[in-house]
Amino acid sequence: MNFLVIGHSVVDKIKEERCISTKPGGIFYTVVSLLGQKSFDDKLFLCSSIDKESGELFEAADNQIERDFITAVDSIPTVELVVNKTGERNETYSKIGSNLKLPSDLRRFDGILINMITGYDISHSQLKQLRNDFKGLIYFDVHTLSRGVDDNMNRVFRRIEAFNEWAECVDILQANESELMTLSHNTSEADILNELFSYGIKQIIITKAEKGATVYFKSGIEIKRIHKDAIRVNVKNKIGCGDVFGAVYFYNYIKNKNVTLALEQANLFAGVATTLSSTEEFLNLKRYANEWISKK
């Protein structure tokens with residue numbers, strides 16, 4: 001099968017106590033997660049951008065995928081991250097990338113995952129055109145589309161204007177609890193879900209950090225839910241875990257069309273991701289997940 005991933009590559013400057021570490025960020029976590037899922041005959045295509053200065057950060061992952069749609073640019077976005085105790089983070093950008101150039105022929109793909117890493121990865125008009133040209137499953141992670149930009153390049157939560165126009169173009173929507181509140185004028189989870197389903201979305205996934213994740217889907221006129229608690233681990237990291245979840249769910253749902261199995265796998269890998277910190281560990285995410293399973 002052929003999979004297309006769309007999203008910005010970003011350099012993360014992570015502030016932890018008194019030190020700052022530089023790591024590959026953004027779509028990197030989606031890519032390494034899919035590399036740990038895919039079969040030998042699957043092909044993973046990435047639509048992103050990269051620059052010379054940051055190329056080495058991403059090459060270990062990017063060298064394992066199809067690079068047809070990776071564009072060279074002068075510089076990619078850099079973001080300073082400060083993670084707070086709730087798992088939400090303060091984000092300050094030094095640069096935000098422009099909209100990516102999408103492939104013109106989408107017929108080769110079995111599924112498309114869009115992760116709005118910066119919120120400017122693609123425009124609504126691009127998504128609408130993509131929906132018109134592609135009849136397969138589109139998975140959409142709201143991510144930083146939920147945050148505006150203030151005068152100091154801080155990313156702050158705000159309601160997404162005309163989000164219904166985005167929602168009408170996607171099959172599966174992922175948001176965390178903070179992001180969900182930016183999708184509607186409604187303020188209760190139930191009312192927001194009802195509104196989103198009215199736009200034609202088939203599944204809505206809400207990730208809830210240490211509380212696990214819930215998938216909502218319609219069965220007739222009834223909204224059903226499947227919830228999985230987070231696995232119990234010693235949490236060391238809170239960055240990239242939602243990206244891991246989305247990639248693993250996306251792949252497994254397309255492969256088996258089973259919500260429960262896809263949710264279990266996504267929950268497992270996202271939980272294991274909280275125990276990892278280095279780039280090398282994330283490149284071996286599948287091995288760490290298998291080790292966790294073997295200990296149970």
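## Largest pocket

The lining of the largest pocket comprises 13 charged, 15 polar and twelve nonpolar residues. In this predicted model, the pocket encloses about 910 Å³ of space. Its lining consists of 40 residues, and those nearest the centre are K208, A209, K238, C241 and G242.

Several secondary-structure elements each supply at least two lining residues of the largest pocket: the strands β7 (89–95) and β12 (172–176), together with the helices α5 (177–180), α7 (241–256) and α8 (259–273). Helix α7 provides the largest share of this lining, with four residues.

## Second largest pocket

A volume of about 220 Å³ is found for the second largest pocket. Its lining is formed by I14, K15, E16, K23, V83, V235, K236, N237, K238, I239, L276 and S277. By class, five of these residues are charged, five are nonpolar and two are polar.

Strand β2 (residues 9–16) makes the largest contribution to the lining of the second largest pocket, namely three residues. K238 appears in this lining and is also one of the residues nearest the centre of the largest pocket.

## Surroundings of A266

Helix α8 contains A266, and this helix also supplies at least two residues of the lining of the largest pocket. A266 has a relative accessible area of 0% and is therefore buried.

Leaving aside residues up to four places away in sequence, A266 is in contact with F245, V248 and Y249. Between the C-alpha atoms of A266 and F69 the separation is 26 Å, the two residues being 197 residues apart along the chain.

Notes:
Residues are numbered from 1 along each chain as its sequence is written. This is a predicted model: local features need pLDDT of at least 70, side-chain atom pairs count only at pLDDT 80 or more; totals for chains, interfaces and linings use all residues. Side-chain values use heavy atoms; hydrogens and water are left out. On a 1 Å grid over the protein atoms alone, a cavity is a set of points where a 1.4 Å probe fits but cannot get out, and a pocket is an open set with protein on both sides within 12 Å along at least five of seven lines; lining residues have an atom within 4 Å of a point. Grid points are joined across faces, edges and corners, and a volume is the space filled by probe spheres set on the points. Ala, Val, Leu, Ile, Met, Phe, Trp, Tyr, Cys and Pro count as nonpolar, Asp, Glu, Lys and Arg as charged, and the others, Gly among them, as polar. Buried means under 20% relative accessible area, exposed over 50%, partly exposed in between (1.4 Å probe, protein chains only). Contact means heavy atoms within 4.5 Å.
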